[in-house]
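Work through the exercises below with the model open. Each task is followed by a stepwise solution.

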Amino acid sequence: MKQAIRTIIYTAVFGGLAMGLFGVLTTMDTAASQPSTVAALVLAFLVAGTIGALMAGTIIGIPLAVIGTMRRSAAERAQSMSPLSSHQPHVLGVATGDASGSFWIGTPGQPLETRATVLPVSPYSDVFAERAVRYLHWLRTPAGHALRWLANDPRGLSTGDEIILRGTVKEHSWDGDAQPVTEVWYCRTRTAPRENSPSGASITPPPLPVATEEESEEPGPTPPHEPESGPASPAEPAPPPMTDERRAEMARRREAMRAADEKAAARIRQQGQRSGALPAAPLAPVRAQPQRPAPEQVDLSDPERVNTILRELDAMPGLEAVTEQVASLAETVRGNERRKRAGLRTAEVGLHLILSGPPGTAKTTVANAWGRVLCATGLLPTDRTKVVKREDLVGQHVGSTAIKTREVIDGAVGGVLFIDEAYSLASTGGGGPDFGAEAVEVLLARMEEERGNLAVIVAGYPDDIEMLLASNAGLRSRFEETIHFKSYDAPTLVLIARAIAHEADYEWDDEALNVLRTAFTRIVAAPPEGWANGREVRKILGQASRAQSRRLGEAEPERTLTADDTRTAIQRLYPQAV
């Protein structure tokens with residue numbers, strides 16, 4: 001409120017002075033002859049400026065006052081809650097320090113795993129949070145440290161429960177009674193074992209499973225662990241490096257836990273049905289699985305299905321070498337099918353491809369053709385291709401990347417997932433957090449899970465694709481085949497121009513083709529920045545059709561594009577090539 005009032009006063013004062021000065025400057029030429037008139041005008045400007053600035057300051061100050069009141073009210077509600085000291089007066093204050101003399105536990109931003117006793121769990125209203133009502137947990141460690149945890153639900157905890165808490169230290173702060181409090185988030189809990197075994201030996205709680213979704217206003221994975229400088233603390237040892245064996249072990253543990261949960265749920269439901277408390281109904285699945293497309297009925301004895309696709313590729317200018325590679329892969333697939341029908345062993349055919357080359361060289365077209373070949377030979381259920389880029393896979397905050405990537409892959413299962421400009425997953429393009437690596441991890445896991453039901457194709461420049469493959473040790477082994485594309489030469493660009501003009505019901509006259517041939521020769525010799533081969537030819541056709549429309553005006557439309565239309569288009573897009 002004070003800030004709002006100061007804003008109004010300062011705006012009025014400075015606005016009035018500014019308008020008064022403006023009045024002095026505008027009446028200086030008449031000051032000598034009419035002093036009384038000048039004084040009146042200056043006073044009028046001063047008063048008008050003050051009133052106008054006062055109104056503007058009021059308009060600005062009122063929203064500031066409302067926001068300040070709301071924030072103050074929220075802060076007062078948080079401080080008015082039952083202080084922690086009322087539950088454990090003998091362990092707070094200075095006595096909360098551990099043997100090292102620290103009033104808090106852990107380091108902000110670092111993982112924390114500790115035994116704790118649950119104190120009050122109470123609803124908490126926060127007008128600035130995503131959820132209107134959340135639950136505030138107060139906890140105390142055996143060393144007397146106070147913990148504060150704000151969660152979206154009560155988690156089934158009540159006062160006096162002994163738990164093992166695993167999470168991340170958010171910050172060190174003080175409560176309303178100036179008591180030290182360690183704020184934690186992204187937490188998981190489990191019931192704590194007894195302090196000592198029958199023999200008197202201390203029992204070390206088993207490590208908790210890795211959390212897949214953390215509790216926060218926006219669910220996300222546990223922040224990455226950054227080791228502190230200096231020797232590691234015995235209570236918080238550094239985790240072992242993430243290896244393929246460790247990932248496999250974590251996956252086995254998650255599957256075992258899921259199976260145990262399903263058995264427990266089935267047992268509880270059966271008991272409820274026998275007692276009449278629950279109606280007989282099938283259990284819902286633990287996790288909804290993506291809808292699997294029904295396999296297409298493919299006649300593998302009909303070679304024309306594949307030959308038709310290859311003829312379409314062969315008819316496209318500039319793809320002769322690419323068509324040979326695709327035809328070789330298709331023949332390998334068909335050869336394996338013939339060996340299988342003859343009862344012979346077959347080598348596994350890799351469905352995943354790398355399309356390496358510059359933009360605008362029909363890589364998306366080839367990806368579609370590869371999906372159709374796989375479907376025609378019975379290796380994939382459908383021939384659809386889903387085209388995505390980095391922004392379709394990577395989220396903007398912690399946890400959203402894995403969700404987006406899984407949803408995209410679920411939509412591509414049964415066909416081809418084509419990732420254009422895939423190299424962008426290996427770099428952030430700035431100093432912010434890089435979630436592209438998380439998308440690659442999810443992609444690798446799903447490629448293994450959906451083997452034989454999903455083909456992944458990545459595309460990009462050769463050097464950029466190499467950077468992507470080097471960013472993750474498991475990527476290179478997943479892609480067995482690479483198809484190389486080259487930039488089109490001038491004759492090929494002319495053929496492409498004629499083909500796309502024919503598709504659009506246009507045709508170039510002979511002089512226009514000569515203009516195109518000359519321009520393409522100059523462009524290929526020194527390609528401008530961002531040159532995209534076939535896509536640029538389509539831009540030229542679009543500009544030429546506009547030039548023709550301006551030339552014809554209200555006359556009858558025609559198919560022919562002239563040399564003047566072509567020069568106008570090239571002059572607009574690539575003046576250096578005219």
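**Exercise 1. Pairing around S6**

Task: Which residue of S10 is the bridge partner of Ile-354? Then trace the other neighbour of S6 in this predicted model.

Solution.
- Step 1. Ile-354 has Thr-482 in S10 as its bridge partner.
- Step 2. The pairing of S6 with S10 is parallel and runs over 4 bridges.
- Step 3. Now turn to S9. Strand S6 (residues 353–356) and strand S9 (residues 455–460) run parallel and are joined by 4 bridges.
- Step 4. Two positions fix the register with S9. Leu-353 stands opposite Ile-457, and Ser-356 has Gly-460 as its bridge partner.

**Exercise 2. The whole sheet**

Task: In what order do the strands of the open sheet lie, and which strands form its edges?

Solution.
- Step 1. The sheet is open and has 5 strands, in the order S7-S8-S9-S6-S10.
- Step 2. Its pairing is parallel.
- Step 3. Strand S7 (385–388) and strand S10 (481–484) are the edges, since each pairs on one side only.
- Step 4. From one strand to the next, the twist averages 20°.

**Exercise 3. The two faces of S6**

Task: Are the residues on the faces of S6 buried or exposed? Find helices that lie across this strand.

Solution.
- Step 1. Start from the general pattern: side chains of a regular strand alternate between the two sheet faces.
- Step 2. In S6, Leu-353 and Leu-355 are on one side, with Ile-354 and Ser-356 on the other.
- Step 3. These four residues are all buried, and both faces of S6 are covered.
- Step 4. Helix H5 (residues 320–341) lies across S6 and S10, at about 160° to S10.
- Step 5. Helix H10 (residues 462–470) lies across S6 and S9, at about 130° to S9.

**Exercise 4. Val-456 in its surroundings**

Task: Why does Val-456 count as buried, and which residues does it contact beyond its sequence neighbours?

Solution.
- Step 1. Val-456 belongs to strand S9.
- Step 2. The cut-off for buried is under 20% relative accessible area. Val-456 counts as buried because its relative accessibility is 0%.
- Step 3. Set aside neighbours within four places in sequence. Val-456 then contacts His-352, Leu-353, Leu-417, Ile-419, Leu-443, Met-447 and Phe-479.
- Step 4. Check a C-alpha distance as well. Gly-415 is 41 residues from Val-456 in sequence, and their C-alpha atoms are 8.8 Å apart.

**Exercise 5. The second largest pocket**

Task: What volume does the second largest pocket have, and which elements supply its lining?

Solution.
- Step 1. Recall the principle: a probe the size of a water molecule, rolled over the atoms, shows where empty space is left.
- Step 2. The volume of the second largest pocket is about 670 Å³.
- Step 3. It is lined by 29 residues, and Gly-360, Thr-361, Ala-362, Gly-534 and Arg-535 are the closest to its centre.
- Step 4. At least two lining residues come from each of helix H6 (363–376), S9, helix H12 (490–503) and H14.
- Step 5. H12 gives the most, with 4 residues.
- Step 6. Sort the lining by class: 15 nonpolar, 7 polar and 7 charged residues.

**Exercise 6. Positive phi outside glycine**

Task: What is phi for Ala-362 and for Asn-533, and where does each residue lie?

Solution.
- Step 1. Ala-362 has phi near 70°, a positive value in a residue other than glycine.
- Step 2. Ala-362 sits in the loop between S6 and H6. It is buried, at 18% relative accessible area.
- Step 3. Asn-533 has phi near 55°, which is also positive in a residue other than glycine.
- Step 4. The loop between helix H13 (510–525) and H14 holds Asn-533. Asn-533 counts as buried at 1% relative accessibility.

**Exercise 7. Gln-543 and the chain as a whole**

Task: Is Gln-543 buried or exposed? Then set it against the totals for the chain.

Solution.
- Step 1. Gln-543 is in helix H14 (residues 534–552).
- Step 2. Its relative accessible area is 14%, so Gln-543 is buried.
- Step 3. Beyond neighbours within four places in sequence, Gln-543 contacts Ala-569, Arg-572 and Leu-573.
- Step 4. The protein chain has 578 residues, of which 37% count as buried. It contains 15 helices and 12 strands.
- Step 5. Take the contacts in the chain with a separation of 6 or more. Residues 24 or more positions apart account for 69% of them.

Key:
Residues numbered from 1 in each chain as written. Predicted model: local features only at pLDDT ≥ 70, side-chain atom pairs only at ≥ 80, totals over all residues. Heavy atoms only, no water. Pairing = 2+ DSSP bridges. Axes fitted to C-alpha atoms, helices over the stretch in contact; angles between N-to-C directions. Contact = heavy atoms within 4.5 Å. Buried < 20%, exposed > 50% of the residue type's maximum accessible area, 1.4 Å probe, protein only. 1 Å grid on protein atoms, 1.4 Å probe; cavity = no way out; pocket = protein on both sides within 12 Å on 5 of 7 lines; lining within 4 Å. Points joined across faces, edges and corners; volume = space filled by probe spheres on them. Nonpolar A, V, L, I, M, F, W, Y, C, P; charged D, E, K, R; others polar.
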